[in-house]
Amino acid sequence: MIRKYTIGHPIATESVVVPVPAGEGPLPYFSLDEAEKSLSLGLGDNELVYGLGETVRGMNKRGWEYISNNTDEPHHQEDRRSLYASQNFILIFGEGRVKGFYIDTPGRVSFDIGYSHGDELKIRFAELDADIYVLEGENPRSLVREFRKITGRSYIPPRWAFGFGQSRWSYMNADEVRAVADGYEKAGIPLDMIYLDIDYMDHYKDFTLNEEAFPDFEAFVSEMKQRHIRLIPIIDAGVKIEEGYEVYEEGLEKGYFVTKEDGSDFVAAVWPGWVRFPDFLNADARRWFGDKYRLLLDKGIEGFWNDMNEPAIFFSQDRLNAVFEALSDYKGKNLDLAKYNELMGMIWGLGNSPEDYRSFWHNMNGTRVRHDRVHNIYGYNMTRAAGEAFERLSPDRRILMFSRSSYIGMHRSGGVWTGDNCSWWSHILLNLQQMPALNMCGFLYCGGDTGGFNCDATEDLVMRWTQLSIFTPLFRNHAAMNTRRQELYQFDRIADLKKFVELRYALIPYIYSEFMKAALGDDMYFVPLAFAYPEDERAVRTEDQILAGESIMIAPVYTQNARGRYVYLPEDMKLIRFRAADDYDEELLEKGDHYVKAELNELLVFLLRGHVLPLAKPASCVEEIDYASLTYISYDSDPGQYELYTDDGETRI
Ligand code: GLC
């Protein structure tokens, strides 16, 4: 059962698309403190709190404060309160009935989940304006389904987007891209996508091309496509200020950029230096920007990633001027600790400053709204602009789209990647833990930067991380500039890495089926054990194993130099120890605790009783997967019992 309660005068986010009956009387469960602009609710000792999508820490969110305030945050350590997304849906379960709350408000809101007081959940609002959806039921997973029904169907990418993709900031020219394709081809490792980061553009101008580095782009796109590789360019939120640059001049002329309160230009800096931000909250501006994707679609491009759309701001013109002015006070002075801190604070405070977010305004279809009040739906609306445009420009065929910043509702237009993680072992675990939380909020097409974005990766880390990403719908290896190269063919154990990626391709009939069932049934693809076995106390507290689809549990190794790990089996399972898609052992394991060995070149999959895992023959790209020759691993089940989902992988549904 779902009921909607409205507090104050919330700005519509359009994340909920199905009418929900208004609840009678005051908001249940919570006590409201108008002066403090907060809601609080007591937490029972055994209650767990799940949700909030892409955040730091474990799956059970108890014991920390999370702030929905979309931030370009490259440090995903456990002390961070905000990352790139705001996904304000939580479930409380473990004692009696299951309760769910969706706090729909586009501004800043914090979730103090037992941080100030262990037995209290406190939600603090910047503005006490929100639609609050209250859900009640018996079972966490069915409650998620109910929630997902009101927010609309999840984005469905083309099937080729389930292949493996290689990325780096940046492949600087066509020859570098060709070298990556050659590297994979020579190693015999399947590859479906190569990502183009910001340097494919002319001076970081959206929808332009660096003609010198990528001459005859259209021919290059088609050359790569003949090799079964799709190029996926990045699009950034900020539009470079430059006379004669069509996107800038048009946006200016039509008044589609955000402005300061007095209507003057809000100018900030991102990659190209000075930029203007399109007003994605304005329907006309959205349509205009969305139509620009056509410039690349017309050249044969079929997928994009939207970035820096929190929006990330390096500094604004006004703040930079103010800081330069203030700096003169420090010149020639003896800077003691306090002065030094002041100085550094000023410099570091230039980026993503709350003051800047308060100093520009949107035109939400006739109504002027200050940015900070709608900050968390900016990236959502950029990706919505793209999604709506793709429906017009490519009405029959699906286009790949995923975004860094998000809010619930954006899951209808695209997937997400989890941003700038690090080549750290702990980030393999974080990647795993973020996946079910994202699925709860509707984001099914998701994954992390495999191998880690920042910092230098090691071979064993890339191998273990790849073993996790084999199961994430978005499977992309991406790394930052100045980090060690981490294309799979750069390592010594190419043969093992090749087998893993081949295994991914062998599993695509299963992964795609399970993804599609989740998308069409408003369900989850990655399911926490706590949802699958809510009566099992051990399972409920297990946070490093998850179900991937209906048939299997995965329990990746995420510590260096380990040759295995402990797993908890909530029921009897069949362990499949894969060394390759056609080289594996099977072993029956009883419910309970086990130490299972896993050499670096072994990937463990736990098949549930009564279930089946279909496997294709290794293929070099998604198009070549042979659905006619599937084999099946089963555990007390007939292969015929498996419901395989097939379609042409391209037509919109
Ligand atoms: C941001 C993105 C990263 C990208 C970089 C350059 O940091 O998160 O993925 O490589 O910008 O575009």
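Visitor: Why is Tyr-340 called partly exposed?

Guide: Well, this is a predicted model, and in it Tyr-340 has 42% relative accessibility. Buried means under 20% and exposed means over 50%, so Tyr-340 falls in between and counts as partly exposed.

Visitor: Where does Tyr-340 sit in the chain's secondary structure?

Guide: Tyr-340 belongs to helix 8, which covers residues 337–348.

Visitor: What makes Tyr-340 part of a nonpolar patch?

Guide: Tyr-340 shares a surface patch with Leu-335 and Leu-337, and together they have about 300 Å² of accessible area. A patch member needs over 30% relative accessible area, and Tyr-340 has 42%, so Tyr-340 clears that bar.

Visitor: And what about the ligand: which residues surround it?

Guide: Quite a list, including Trp-169, Asp-197, Ile-198, Trp-271, Phe-453 and His-478. Asp-307, Arg-404 and Asp-420 are on it too.

Visitor: How do you know that Asp-420 makes a polar contact with the ligand?

Guide: A polar side-chain atom of Asp-420 is 2.5 Å from a ligand oxygen. The cut-off is a pair of N or O atoms within 3.5 Å, so this pair counts as a polar contact. Arg-404 passes as well, with a side-chain N or O atom 2.9 Å from an oxygen of the ligand. For Asp-307, the distance from a polar side-chain atom to a ligand oxygen is 3.1 Å.

Visitor: How much of the ligand's accessible area does the protein cover?

Guide: On its own the ligand has 310 Å² of accessible area, and the protein covers 98% of that.

Visitor: Last one: how is the chain divided into domains?

Guide: Domain 1 is 2–151, domain 2 is 315–350 and domain 3 is 511–641. The C-alpha centres of domain 1 and domain 2 are 38 Å apart.

Key
Residues are numbered from 1 along each chain as its sequence is written. This is a predicted model: local features need pLDDT of at least 70, side-chain atom pairs count only at pLDDT 80 or more; totals for chains, interfaces and linings use all residues. Side-chain values use heavy atoms; hydrogens and water are left out. Domain bounds come from an automatic or database domain assignment. Patches are made of residues with over 30% relative accessible area and no salt bridge: like charges are joined within 9 Å, nonpolar side chains (Val, Leu, Ile, Met, Phe, Trp, Tyr) within 5 Å. Accessible areas come from the Shrake-Rupley method with a 1.4 Å probe; for residues, only the protein chains shown count as cover. A salt bridge is a side-chain nitrogen of Lys or Arg within 4 Å of a carboxyl oxygen of Asp or Glu. Helices (H or I, at least four residues) and strands (E, at least two) are DSSP runs, numbered from the N terminus. Buried means under 20% relative accessible area, exposed over 50%, partly exposed in between (1.4 Å probe, protein chains only). A residue is near a molecule or strand if one of its heavy atoms lies within 4 Å of it. A polar contact is a pair of N or O atoms within 3.5 Å; within protein, one must be able to donate a hydrogen and the other to accept it, and residues adjacent in sequence count only if both atoms are side-chain atoms.
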